[in-house]
Amino acid sequence: MEIIPNSPYETNSKAELRVFKKLKEAYVNDFSYAALHSLNITNHQFKKFGEADFVIISKFGVFVLEVKGGGIEYVDGRWSTRNNQGSHVIQDPFRQAETAMHAIKDAIVNSNQFPLSLNKSLPIGYGVIFPDTEWTHKGSEWERKIICDGRNFRNLENWLKNFFHYWQGRPRNNTLLSTDDISKLKQFLRPNFELVESLYSRLERSERSVVKLTEDQYKYLDIVSANKQVLCSGGAGTGKTFLAAELARRFSNENRSVAIVCKSNWLRRYLETRIEDENVVISTIESIKVDKKRAGIDSFDILILDEGQDFLNSEDIELLEDVFEGGFEHGEWYIFHDINNQSGLFSPTKYEVLAYLESFKPAKVPLTTNCRNTLNILSSIQIKLQANMGIKGTGIGPEVEECTVHHSELSLALENKISELLSKGVTPESITILSPLSYERSSISSLTKKLQNSIIKLDDYSVRTFPPKGISFAEIKNFKGLENEVIIVVDLMKPEDLKDNDSKTLHYVAMSRARGLLSLIWNDSISQ
């Protein structure tokens, strides 16, 4: 039997998953049978929006199957299921299946896509599957042959044969469908375009994976917090900022004062809205001494540096020595960095400064699990930039989109990409455009005025409530430490065209900001 789709839609019903597996094992290699899982019904008689658990199409007709797992009770006209969490009232499963059947029949008849003869004599029926219980009711209210209980479920294919035979014996149900009829019904009920997961759906699934993987990063907290001096390294998307924030919260709960310091004022403002704790001060290197005085303390108990590669110079390290108790030699500090890929955006990295910090024998914790980007994005960055972004990722995700256009066509290409994404259901707030240039010098400046007005230029204030209620724009260097579901990169030349000694940091930072979809619009007429 053909199952469409060939893997189950996301469902909380373990019973549905079991039925899916059983149907896949029935009528092996006989594709004249097809089962549609979780079929949407938009013209339901009693509901604004309905759904059939399974719809089977075969030469015997079209059949709706409703699945109810757990123990089943029917008392005084009310249905309920029983499981470990107790008893739950449910809808009448026979009524659900029957009304879904009529809705499907009406949709077929009203579509005008099928011959009148088929509309009048379409064999159609419904049944209910109770895979976890035995049906012992002997009343006349329900026909036993349309019920599959736990005993029947062991050999579902055999039950289906008797089920089809029962409905074929009903009035006007004895017509057999041709191969062409079956094909057309499959195409009508679940057209080909529905078999392809929408871009919006893929992005949603990627987002759920991000949450799951981020929770997985908690295991590193115990490793990091067990040491008093730590150099934590990892590529973009491996959870460095997440760990820095959670570590600060943990120390705050011990009533210890913590300074989280970063170079970017944007990142500072972004973190301030997400870490509201009286024991935690979030600051930049320029304002740390002032913020310390405002906090009313002589020195912080703990120093945490996010984007630590930006601080690997003598001036910053000397300034920070006096900020926290004991300094770098005797104090408690945690530096999260990506020295291999993200150095040099704010100041040159001095490796002798890293050697100075390493002389205190800090614990070195490498982060290797990427919890931001899809595998397609990871692969693209690995190939184009020869940069390690960690392993695992958040699932396959959409393909990375890429085109190279002349400078004069960049704005048109960008406008077309935005229109395409919006037409596919991607929400404006999930889209960020990144450029190495300022807003006024970037491709944004040549867009139509209407589109320009719909794009929000980010700054250190608006980023506090990121993402904003619309498409956003930022310079790449300012967006470091931030991310969005969809990233469109413009105004950069292809990394393959860079000279051997050219920095790829901007490319790396820009490409690694995308959680779900990355679109690259390269400029082929510039030299970096």
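Helices (H or I, at least four residues) and strands (E, at least two) are DSSP runs, numbered from the N terminus. With those labels in hand, here are some close-up views of this predicted model.

**Figure 1. Leu-122 sits in the loop between helix H3 (116-121) and E8.** Welcome to the first stop. Leu-122 has a relative accessibility of 3%, so this residue counts as buried. Look for Thr-175 as well: Leu-122 and Thr-175 are 53 residues apart along the chain, yet their C-alpha atoms are separated by 7.2 Å.

**Figure 2. Trp-79 and Phe-130 form one of the 26 aromatic pairs found in a search of the whole structure.** The ring centres of Trp-79 and Phe-130 are 6.5 Å apart and the planes meet at 10°, so this pair is stacked. Distant parts of the chain are linked here, with Trp-79 in strand E6 (residues 78-83) and Phe-130 in the loop between strand E8 (124-129) and strand E9 (147-148), 51 residues apart. Both partners count as buried: Trp-79 has 3% relative accessibility, and Phe-130 has 0%.

**Figure 3. Phe-324 and Phe-328 make an edge-to-face aromatic pair.** Their rings lie 5.2 Å apart, centre to centre, with 80° between the planes. An angle over 60 degrees counts as edge-to-face, which is why this pair gets that name. Phe-324 and Phe-328 are both buried.

**Figure 4. Seven names to find: Tyr-27, Tyr-33, Phe-60, Phe-63, Trp-159, Phe-163 and Phe-164 belong to a cluster.** What links these residues into a cluster? Ring pairs do, joining Tyr, Phe and Trp side chains.

**Figure 5. Lys-184 and Asp-180 share a salt bridge within helix H6 (residues 179-189).** The closest N and O atoms of Lys-184 and Asp-180 are 3.2 Å apart. The two residues are separated by about one helical turn because they lie four residues apart in helix H6. Both are partly exposed, Lys-184 at 41% relative accessibility and Asp-180 with a relative accessible area of 43%. The structure holds 29 salt bridges, and two others appear in the next views.

**Figure 6. Arg-464 forms a salt bridge with Glu-272.** Here the closest N and O atoms are 3.3 Å apart. The pair links distant parts of the chain, 192 residues apart: Arg-464 is in the loop between strand E20 (455-457) and strand E21 (471-475), and Glu-272 is in helix H11 (residues 265-272). Arg-464 counts as partly exposed, with 30% relative accessibility. Zoom out a little to follow a network of salt bridges that links Arg-268, Arg-269, Glu-272, Asp-291, Arg-294 and Arg-464.

**Figure 7. The side chains of Glu-483 and Arg-515 meet in a salt bridge.** The N to O distance is 3.2 Å. Glu-483 is in the loop between E21 and strand E22 (484-490), while Arg-515 is in strand E23, so their pairing ties together parts 32 residues apart in sequence. Buried or partly exposed: which word suits Glu-483, and which suits Arg-515? Glu-483 is partly exposed, with a relative accessible area of 24%, whereas Arg-515 is buried, at 13%.

**Figure 8. A patch of negative charge gathers on the surface.** Its members are Glu-409, Glu-496, Asp-497 and Asp-524. Asp-524 is found in the segment after strand E23 (514-523). With a relative accessible area of 47%, Asp-524 is partly exposed.

Methods: Residues numbered from 1 in each chain as written. Predicted model: local features only at pLDDT ≥ 70, side-chain atom pairs only at ≥ 80, totals over all residues. Heavy atoms only, no water. Patch = residues over 30% accessible without salt bridge, like charges linked within 9 Å, V, L, I, M, F, W, Y side chains within 5 Å. Areas by Shrake-Rupley, 256 points an atom, 1.4 Å probe, with all protein chains shown as cover. Salt bridge = Lys/Arg side-chain N within 4 Å of Asp/Glu carboxyl O. Lys, Arg positive; Asp, Glu negative; His and termini not counted. Charge placed at Lys NZ, Arg CZ, Asp CG, Glu CD. Buried < 20%, exposed > 50% of the residue type's maximum accessible area, 1.4 Å probe, protein only. Phe/Tyr/Trp six-rings, centres within 6.5 Å; stacked < 30°, edge-to-face > 60°.
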